[in-house]
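Please explain how this protein is built, beginning with its overall make-up and then turning to the way two of its elements pack against each other.

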Amino acid sequence: MIREAEGILHRHLKRVGLKHTEQRDTILRTFLETREHLSTDELHRLVKRKDARIGFTTVYRTLKLLAECGLAS
């Protein structure tokens with residue numbers, strides 16, 4: 001499931017002219033590992049445990065991308 005979701009995100013990023021980054025992959029994996037509804041703040045808190053360099057704005061923008069490609073609603 002995670003590989004399929006990564007493929008969807010990577011194709012979307014290419015389509016809209018954005019780079020594939022490890023930070024976006026970390027956010028996606030964290031999002032998919034969580035079975036409950038998350039706020040952006042809650043997701044950011046979980047992501048920071050995996051990579052302290054990922055900022056709130058990166059999480060927010062990546063969530064927007066996930067929604068655009070149908071991985072989040």
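The paragraphs below go from the whole chain to one helix pair.

The model shown here is a predicted one, and in it the protein has 4 helices and 0 strands, so that a reading along the sequence gives the pattern α-α-α-α. The radius of gyration of the protein is 11 Å, close to the 11 Å that the globule rule gives for 73 residues, and therefore the protein is as compact as a globular protein of that length. Along its principal axes, the C-alpha trace spans about 30 × 25 × 20 Å.

Two further values describe how the chain is arranged within that extent. Of the 73 residues, 40% count as buried, and, among the contacts between residues at least 6 apart in sequence, 47% join residues that are at least 24 apart.

One packing can be followed in detail, that of helix 3, which covers residues 40–50, against helix 4, which covers residues 56–68. Their axes lie 9 Å apart and form an angle of about 120°, which means that helix 3 is oblique to helix 4, since this angle falls outside the 65 to 115 degrees counted as roughly perpendicular and is not over 145. Helix 3 passes helix 4 in a right-handed crossing.

On the side of helix 3, the contact is made by Thr 40, Asp 41, Leu 43, His 44 and Val 47, while helix 4 contributes Phe 56, Val 59, Tyr 60 and Leu 63. Sorted by class, the residues in this contact of helix 3 with helix 4 are 6 nonpolar, 2 polar and 1 charged.

Methods: Residues numbered from 1 in each chain as written. Predicted model: local features only at pLDDT ≥ 70, side-chain atom pairs only at ≥ 80, totals over all residues. Heavy atoms only, no water. Axes fitted to C-alpha atoms, helices over the stretch in contact; angles between N-to-C directions. Helix = DSSP H or I, 4+ residues; strand = E, 2+ residues; numbered from the N terminus. Parallel < 35°, antiparallel > 145°, perpendicular 65-115°, else oblique. Left-handed = near helix turned anticlockwise from the far one by under 90°. Contact = heavy atoms within 4.5 Å. Nonpolar A, V, L, I, M, F, W, Y, C, P; charged D, E, K, R; others polar. Rg over C-alpha atoms; globule rule 2.2 N^0.38 Å. Buried < 20%, exposed > 50% of the residue type's maximum accessible area, 1.4 Å probe, protein only.
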